[in-house]
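User: Hello! I am new to this structure and would like to know how its descriptions are justified. Could you take me through a few of them?

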Amino acid sequence: MHSIQPINNDLIYVGVSDRRTALFENIYPIPRGVSYNSYLLLDEKTVLLDAADAAVGEQFFENVAAALNGRQLDYLVVNHMEPDHGALIAPLLLRYPQATVVTTAKAAQMMEQFFGGKPENLQVVKEEDTLVTGRHTLCFTMAPMVHWPEVMMTYDTTDKVLFSADAFGTFGALSGNLYADEMNFEKEWLADARRYFVNIVGKYGIQVQNVLKKAATLDIKMICPLHGPVWRENLEYFINKHDLWSRYEPEEKGVVLIYGSIYGHTEAAAMRMATLLAQRGVKNIHVYDASRTHVSELVSECFRASHIVLASSTYNNGIFTPMENLLADLKAHDWKRRTVVLIENGTWAATSGKLMRAELEQMKEITILGDTVSLKSAATPAQEEQLAKLADAIAATL
């Protein structure tokens with residue numbers, strides 16, 4: 001049974017939500033699922049904008065057939081070739097062999113790599129090329145490295161709709177409501193939107209800024225991304241979030257404490273720091289165990305907050321592994337412009353603080369506040385004073 005939804009008189013949503021896949025890209029937990037969005041334009045010529053993941057193939061093909069309602073498919077626009085959107089291109093063209101594939105030269109090369117050959121009917125487009133389908137004129141704009149090199153976006157100049165590829169996407173399956181304004185987006189979706197952006201696109205802030213500059217020149221009435229809800233109201237809210245994230249500016253003033261603790265003593269120091277901060281009137285404090293919270297959530301939280309406390313045990317003369325993984329991920333995502341406090345622990349040789357500092361010093365515009373608080377097995381009254389001093393410094397800089 002199909003699950004298509006009309007967006008306007010001649011644009012139909014034919015995407016599919018997936019609640020079975022546990023890990024997006026086999027890395028990121030998606031307990032709320034994910035949607036693979038695809039859109040069908042029914043003009044004098046029919047145009048399908050992107051396909052979907054192989055995991056939802058049966059439902060996707062049923063949706064496309066229902067939306068076409070007996071018509072042939074004239075064009076398939078491929079904005080992004082990643083397999084969560086491109087895996088169904090080959091079987092789609094077996095069903096609609098007359099369709100012309102419209103995409104970038106780089107995407108066409110990737111099709112040959114994935115499928116062993118290029119489509120028989122192929123139209124390669126470049127910046128500002130257009131496709132007239134009848135009433136509609138589609139204009140193509142390149143968006144390389146957001147987040148693959150072949151990416152483009154499609155702008156419907158007639159209805160002012162931007163088909164934005166992976167830009168402006170979010171984790172989370174759709175539940176009947178298609179539009180962001182039909183949901184409590186800030187409460188129920190924003191954390192997943194941030195986690196999606198930071199982990200998938202966060203490394204490419206400069207490229208995102210370039211795309212935002214292009215988008216600012218367009219009269220956009222609706223954004224149709226490849227994941228998550230469609231935006232038709234309050235577009236500025238979501239665009240501004242992406243502007244902030246891609247400039248690596250803190251989204252909120254607040255403190256995130258992340259600890260890597262083996263037997264609980266490092267955790268106790270982190271919790272004491274949280275208490276001392278609260279006693280100084282600091283709000284918006286969040287505490288995470290690096291061993292229990294997925295690193296994608298920790299990276300997202302480090303992008304959200306202005307101040308980060310990292311507390312790590314020493315493990316095999318190095319940084320406790322979950323904390324080491326977090327620092328590697330932060331560096332890989334070009335994390336910057338934050339204030340950090342360090343706490344280390346080691347029963348016979350506390351080295352994690354020095355090593356964490358060395359990692360942070362390789363990142364850009366990271367301010368390490370004060371001296372590292374160094375525990376030997378467990379905190380002492382003297383270290384209570386050191387923690388209080390750092391809590392004072394954090395409160396003052398907030």
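Analyst: Happily, and let's begin with a helix. In α9, the buried residues are Thr266, Ala269, Ala270, Met273, Ala274, Leu276 and Leu277. This is a predicted model, where local features need pLDDT of at least 70, side-chain atom pairs count only at pLDDT 80 or more, and totals for chains, interfaces and linings use all residues. Residues are numbered from 1 along each chain as its sequence is written, and side-chain values use heavy atoms, with hydrogens and water left out.

User: What makes α9 a helix, and what puts its buried residues on the same side?

Analyst: Helices are DSSP runs of H or I with at least four residues, strands are runs of E with at least two, and both are numbered from the N terminus. Helix α9 covers residues 265–279 and has 15 residues. Its buried residues lie on the same side because they cover an arc of only 165° around the axis, judged by the directions from the helix axis to the C-beta atoms.

User: What covers those buried residues of α9?

Analyst: The cover includes β17 (252–260), β18 (285–289), β19 (305–315), β21 (336–345), β23 (373–375) and α13 (381–397). Just after α9, Gly281 takes a positive phi of about 85°.

User: Why is Tyr36 called buried?

Analyst: Buried means under 20% relative accessible area, exposed over 50%, and partly exposed in between, with a 1.4 Å probe and protein chains only. Tyr36 has a relative accessible area of 3%, so it counts as buried. Tyr36 sits in strand β6 (residues 34–36). Leaving out residues up to four places away in sequence, Tyr36 touches residues including Tyr13, Phe24, Val56 and His227, where contact means heavy atoms within 4.5 Å.

User: How do you know that β2 and β7 pair?

Analyst: Two strands pair if DSSP finds at least two bridges between them. Strands β2 (residues 11–13) and β7 (residues 39–42) have three bridges, in the antiparallel sense. Tyr13 stands opposite Tyr39 in β7.

User: Why are β1 and β11 described as standing at the edges?

Analyst: The open sheet has seven strands in the order β1-β2-β7-β8-β9-β10-β11, with mixed pairing. β1 (5–6) and β11 (122–124) each have a single partner strand, so one side of each is left without a neighbour in the sheet.

User: What makes a set of residues a nonpolar core, and how many residues has the largest?

Analyst: A nonpolar core joins buried Ala, Val, Leu, Ile, Met, Phe, Trp, Tyr and Cys residues through side-chain atoms within 4.5 Å. The largest has 113 residues, and Phe60, Ile258, Leu310, Trp335 and Leu360 have the most contacts inside it. Helix α6 (residues 190–201) gives the most to this core, with seven residues.

How values were computed: The expected span of a helix is 1.5 Å times one less than its number of residues.
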